[in-house]
Amino acid sequence: MNKTVKRWFPVFVLPTLIAFLIAFVIPFVLGVVLSFTEFRTVADAKFMGLNNYIRAFGDDSLFLDSLWFTVKFAVVSVIGINVIAFILALLFTRELPGTNFFRTVFFMPNLIGGIVLGYIWQVIINGVLYRYGYSITSNPVYGFWGLVILMHWQLIGYMMIIYIAGIQNIPGDIMEAAKVDGAGAFTVLTRITIPSVMPSVTICLFLTITNSFKLFDQNLALTAGAPGDRTQMVALDIYNTFYSRTGFEGVGQAKAVIFFIIVAVISLTQLYITRRKEVES
Amino acid sequence: MGRKIFNIISFILLVGFAAAFIFPIAVILINSFKAKFSINSSPFSLPMGDEFVGLSNYETGIKSTGFPPAFGWSLFITVFSVALIIICTSMCAWYIVRVKNLFTGALYYALVFSMIVPFQMVMFTMSKTANFLHLDNPLGIIFIYLGFGAGLSVFMFTGFIKTVPLGIEEAATIDGCSPIQTFALIVFPILKPTAVTVAILNTMWIWNDYLLPYLVIGSDYKTIPVAVQYLKGGYGSVDMGAMMAMLVLSVIPVIVFYLSGQKYIIKGVAAGAVKG
């Protein structure tokens, strides 16, 4: 069987392989190479060693500022979203009336695109701040919390769905046994529910961490980095380095490589840690 | 007794949360009928008297963004990209699982690896490559989406195919089916639930994607997110009325899609996450 299937390689694999090479593999390799060069159009690339990497952290670079902003944003969002989503998921397993309606409503924002979400929240936050004579771009603090609120609004429903699926997967007899043994609600939560939903925790943390770090559309639409690039996250900083500053293309690519390494290290570490905590059932 | 009170409190909490989730959508809907200068100052009031401008925001918005063609391009690119992704990646995943060698193993890991790479890493070089190969048009971008969507899609299909018993396929081969017939008639029907999940996840991504279509085809063909972002433009003030109208028009197709396939979407997303 293996042999006959093997001959069909051109039909089964080739279309995906070629598309993957063109859209990802070649651009990725080229990107790594270009990060060590100075270039405007790719063809004129000149080898510059680690120069771009040094310039990425230079005084006129906003890379470290945007990185710090991103890290703060990610920490607040990841914790907030997961805690609220988990509490909502717990409420949903209590068979309250209207569960279907609530689930539909909570999940809906996740389907709306980042650009549209950004402008929706810009109007609302500006509407609130207008009464006090401010706007979202008056102070970076407003932009920061605006992004945090937006991210909560978008992802809580998504994570809640995943936690609900996890909680429903817990075998009923374990819960029964715990109750027969006289375990209180809190003991059941910390000793049974949370350890049993660790696979859901793994995936929810992975999704919220990577989405927070890679956030671009929402950032562009809500504040576009204003005031003065102080609400600029890493993805937007890299974009602006590439397309708004001539002569900085190589620096932008070097930042992109560093960004990739940071995202890869953080998400793989998280997967490794939480996977180990998953119990075999 | 205590349990009952707790349930009532939980219910009230959920109602409050639901209101907070619907509120932003209601605000843009109300403001889309409001004169543009009252939107910034009083976005939370109903349009009264002079403030009510009927559908004029929709007229200016549609004219200045070219919304109908943007809707058409978004629909075209999303539908055909998702169809191509489903067909090609399910076949590729089946081949990877059934033909185990060094090459398919390496391909699988390369695809999984591509899932954690941020778009900014390949943003510039990918748009240059697309340009160089003349893929910077609505047909070419479908092919690029196949390459970008391949990671997640192949990953999810292989996860499911591993659980499909070989016996049925071997029986089909003995009956004289070619691999392509075996795949189309036997394997693909079994993959349907996963195909629905893959289709939903890719639809949500491609329909809402901004940067990729902007960089690759943005100057000639605008999708909905690109058209909305264009309203802001480079020159100062934004027509808030037109912006509100465009936000409403962008959200409507999403809500229609969601409400018509809600059961599959929520199930699909949960299933996708569990396998991931």
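Colleague: What makes the approach of the side chain of Ser200(A) to the backbone oxygen of Ile162(A) a polar contact?

Modeller: The side chain of Ser200(A) reaches that oxygen at 3.5 Å. A polar contact is a pair of N or O atoms within 3.5 Å; within protein, one must be able to donate a hydrogen and the other to accept it, and residues adjacent in sequence count only if both atoms are side-chain atoms. The model is predicted: local features need pLDDT of at least 70, side-chain atom pairs count only at pLDDT 80 or more, and totals for chains, interfaces and linings use all residues. Side-chain values use heavy atoms, without hydrogens and water, residues are numbered from 1 along each chain as its sequence is written, and chains are lettered from A and ligands numbered from 1 in the order in which they are written.

Colleague: Which residues does Ser200(A) touch, not counting those up to four places away in sequence?

Modeller: Ile162(A), Tyr163(A) and Gly166(A). Contact means heavy atoms within 4.5 Å.

Colleague: Why is Ser200(A) called buried?

Modeller: Its relative accessible area is 7%. Buried means under 20%, exposed over 50%, partly exposed in between (1.4 Å probe, protein chains only). So Ser200(A) is buried. Cys204(A), at 0%, counts as buried too.

Colleague: What about Cys88(B): buried or exposed?

Modeller: Buried, because its relative accessible area is 10%.

Colleague: How do you know that Cys88(B) has no bond to the closest cysteine sulfur?

Modeller: That sulfur, in Cys92(B), is 8.7 Å away. A disulfide needs a pair of cysteine sulfur atoms within 2.5 Å. So the distance is too far for a bond. The search of the whole structure finds zero disulfides over all chains.
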